[in-house]
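User: Could you take a close look at the aromatic rings in this one and walk me through how they pair up? I'd like one connected picture rather than a list.

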Amino acid sequence: MILKKLAISMIATGALIFGSAVQANTYSFGQLLSGGGPASVHFADLSATDDGGGNWTFTLTTLDLDAIFGTGSFIGTLAVDGTKPTSSSTDLGGGVTVVDPANGGGPGGSFDFRYDFGSGGASDRLTANESVTWHVGGLGSDPLPIDGQLALHVQATKFSPDSAWYVSPVPEPETYAMLLAGLGLLGFMARRKK
């Protein structure tokens, strides 16, 4: 009986944690995919929140790009392997006035589509310690792809060549830490009752 209750509790906890992870994910960028620059460095985070009905809100936040990649470096594009949105709007702020979905992208154009940050002007780009939020529709309810299927293009770096693509291999580890803590707590409570 106790094992049955423990199994049901573990399944329910796992479903709750998995459900919350689908609703909001955070991706950290810093694994070099191609180009010049450090092979592994944390320089930006992307949060993705499922607003329901296929609508998502994204916020991309940069760390000190100048210290990592050199003065004047900026992020120009986020390439995605996945469904292209049918609509997009941008919250003003962070040096970027518009986030535009466009076809193709990524190293060698191998990704399905991309989000371009800014209109190409020198004053309209995502630079050090900035953040931009945008909203999209038509993506469905699936979480964003992981395992290297999101890539950020860092441009105007001090390295040769002066741009690089970095991927986000996995979501933030907090999701897994919460799962392990919950399972540990359930195990402790079941053992205590016994």
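**Aromatic rings around a buried core**

Analyst: Let's start with Phe-58, which is buried, at a relative accessible area of 2%. Keep in mind that this is a predicted model. Trp-134 counts as buried too, with 0% relative accessibility. On pairing, the count for the model comes to nine aromatic pairs. One of them joins Phe-58 to Trp-134: the ring centres are 5.4 Å apart and the planes make an angle of 35 degrees, so the pair goes down as tilted, given that stacked needs under 30 degrees and edge-to-face over 60. Phe-58 belongs to strand S3 (residues 55–62) and Trp-134 to strand S8 (residues 131–137), so this contact ties together parts that sit 76 residues apart in sequence.

Trp-134 has another partner in Phe-117, and that pair is edge-to-face, with 5.4 Å centre to centre and 70 degrees between the planes. Here the link runs from strand S7 (residues 113–117), home of Phe-117, to strand S8, so it ties together parts 17 residues apart in sequence. Phe-117 is also buried, with a relative accessible area of 4%, which puts it under the 20% cut-off for that label.

Now zoom out a little. Phe-58, Phe-117 and Trp-134 belong to one aromatic cluster, together with Trp-56, Phe-113 and Tyr-115.

There's also a ring with a charge over it: the charged end of Arg-125 sits over Phe-74, 3.8 Å from the ring centre.

How values were computed
Residues numbered from 1 in each chain as written. Predicted model: local features only at pLDDT ≥ 70, side-chain atom pairs only at ≥ 80, totals over all residues. Heavy atoms only, no water. Phe/Tyr/Trp six-rings, centres within 6.5 Å; stacked < 30°, edge-to-face > 60°. Helix = DSSP H or I, 4+ residues; strand = E, 2+ residues; numbered from the N terminus. Buried < 20%, exposed > 50% of the residue type's maximum accessible area, 1.4 Å probe, protein only. Lys NZ or Arg CZ within 6 Å of the ring centre and 35° of its normal.
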